Amino acid sequence: MTAGTTASRRPYHRLDISAPEFWKNDFRTRDETFAVLRAEEGLSWHAPTPSIFPHAETGFWAVTRHSDIQYVSRNHELFCSSQGVSMDPMPAEIQRAMTFFLAMDPPEHTRYRRLINMAFTPRQIRMIENQIRASARDIVDELVEDLETNGTVDFAAEYARKMPMRTISDMIGVAPEDREKIADAVESLFGASDDEYSSLEERAPHLMTQLGILAGAGIDLARARREDPRDDLMTNIVNAEVDGHRLSDEEIGAFMVLLGSAGNDTTKQASSHALAALVANPDQRDWLLDDFDARIDGAVEEFVRWSTPVIHFARHATEDTEVAGTKIDAGEKIVLFYCSGNRDESVFARPHQFDVTRTPNPHVGFGAPGPHACLGRQLAKMELRHLFHELLTRLPDLTVGEADHVHSDFVHGIKRMPIGLR
Ligand code: HEM
């Protein structure tokens, strides 16, 4: 019997986490459903999410417990990424164009992943940290002036994107005048399921347009660096060899999409959520400020657990296997819900409480340990550390208004969030 025929007879779980309506609930409300799934035995089987692409998928398994997320992430031979990492049905070639080596398996994956490590030598890290420190100061200078002039400012829409955008752009070598265009493309790519960015009928062409903008920007930059090399990541990338050949334009375009998307919206969302949480919990903000340098690293881990900007990634079983006692057929999709792992009550005491003193904090916001664990986590943490140093020390009396959330099953995002001075 093939995987398809078993799967087509298998009943879906009574709790529907595939419906777009489910994802319109807030994070806390959604977790009431995930808490039920975490408490049940084994894994639950769900209908495919509505897709803009034609497909023959029959459903997916939801992995909601922290320990199961760890198990699946570690065992890449059993649970591969090369058949797709998206919960929403989407052709594998589009996923490749969107996520590059995130949707590959070792050993191919390892070879490309090494390329990014070129950006993280100790010398590069020191250089990047200096740029990040300077960016944090500049951004908060702009913010202070804006607040003094206008009283209220939309932090999520206008400011949260600045730090990650500048950092990634500096690293890759994107010219200042092209940064906004790239950040806009990334945001609408990530928020592709939010009606504000495009209607259902428009989504497929919209997705391809944003991909084209990002990939095109990468290819243009690559051409410029081949002619006129500089001391930046793009120059390293165009000169690097993988398996004895230089990267093609198509590969460089996909690389740009991965770096642009992985490095921008994630950190942006973490900073909006963290700012809202710190303003809502002044005792924690004060505790942090009492010994900022010693306490910020632990606090940043809580920013990421609390915000969980990336809601899920998927894998596919490479053979018939089992997770938590549930039989999985070869070829079936398994979705790792980081949002649920980060609220798992068997790992985190008071999981729904923001707590910057939390230790240990083995969250899966950057993915769980395994070949795909986030490559940019040190960079993201550095950005958040310097940004919050400036924000909290220079603007201790901020107020935060009501946030308007992105409706998405992939990004836990805030579109708009007004802030003001007390
Ligand atoms: C708070 C910010 C961030 C969050 C929450 C985050 C989250 C994640 C998650 C969940 C994964 C997937 C892990 C998996 O599939 O197992 C990932 C992978 C990745 N992230 Fe991040 N990330 C963040 C910042 C960054 C930054 C700043 C960069 C920029 C360099 C980056 C680059 C990457 C790359 C290249 C991968 C793919 C790794 C691979 O497949 O080998 N991330 N990240």
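Helices here are DSSP runs of H or I with at least four residues, strands are runs of E with at least two, and both are numbered from the N terminus. Counted that way, the protein has 17 helices and 14 strands. Keep in mind that this is a predicted model.

**The overall build**

Let's start with the whole chain. The radius of gyration comes out at 21 Å, close to the 22 Å that the globule rule gives for 422 residues, so the protein is as compact as a globular protein of that length. Along the principal axes, the C-alpha atoms fill a box of roughly 65 × 55 × 40 Å. Buried residues account for 46% of the 422 residues. If you take the contacts between residues at least 6 apart in sequence, 74% of them join residues at least 24 apart.

**The nonpolar core**

In soluble globular proteins, nonpolar side chains tend to be buried together. Here, the largest nonpolar core holds 109 residues, and the members that touch the most others are A62, V63, V257, I334, V335, L336 and F337. Helix α13 gives the most to this core, with 14 residues.

V335 is a handy place to zoom in. Setting aside residues up to four places away in sequence, V335 touches F60, W61, A62, V63, M87, H312 and A314. Two of those partners, A62 and V63, are also on the list of core members with the most contacts.

**Around the ligand**

Which residues come nearest to the ligand? Out of the 28 residues around the ligand, they are G263, T266, G367, C374 and G376. Three elements give two or more residues to this shell: α6 (108–117), α13 (249–280) and α17 (377–394). Helix α13 turns up again as the top contributor, with 7 residues. Sorted by class, the shell has 18 nonpolar, 9 polar and 1 charged residues.

**A lysine in α13**

While we're on α13, have a look at K268, which lies in this helix. Is K268 buried or exposed? The cut-off for buried is 20 or more other C-beta atoms within 10 Å. K268 has 27 C-beta neighbours inside 10 Å, so K268 counts as buried. Apart from neighbours within four places in sequence, K268 is in contact with A160, R161 and P164. K268 and L143 sit 125 residues apart along the chain, and their C-alpha atoms are separated by 15 Å.

**Backbone oddities in the loops**

A few spots in the loops have backbone angles worth a look. Two peptide bonds are cis, P106 to P107 and T359 to P360. There are also positive phi values at A324 and R350, neither of which is a glycine.

| Site | Backbone angle | Loop |
|---|---|---|
| P106 to P107 | omega near 5 degrees | P107: between α5 (92–99) and α6 |
| T359 to P360 | omega near -5 degrees | P360: between α16 (338–341) and α17 |
| A324 | phi of about 50 degrees | between β8 (321–323) and β9 (326–328) |
| R350 | phi near 40 degrees | between α16 and α17 |

The loop between α16 and α17 appears twice here, with P360 and R350 both found in it. As for their surroundings, A324 counts as partly exposed because it has 17 C-beta neighbours inside 10 Å. R350 is exposed, with 9 other C-beta atoms within 10 Å.

Technical notes. Residues numbered from 1 in each chain as written. Predicted model: local features only at pLDDT ≥ 70, side-chain atom pairs only at ≥ 80, totals over all residues. Near = placed C-beta within 6 Å. Nonpolar A, V, L, I, M, F, W, Y, C, P; charged D, E, K, R; others polar. Rg over C-alpha atoms; globule rule 2.2 N^0.38 Å. Buried ≥ 20, exposed ≤ 12 C-beta atoms within 10 Å, placed from the backbone. Contact = placed C-beta atoms within 7 Å. Core = buried A, V, L, I, M, F, W, Y, C linked by C-beta atoms within 7 Å.
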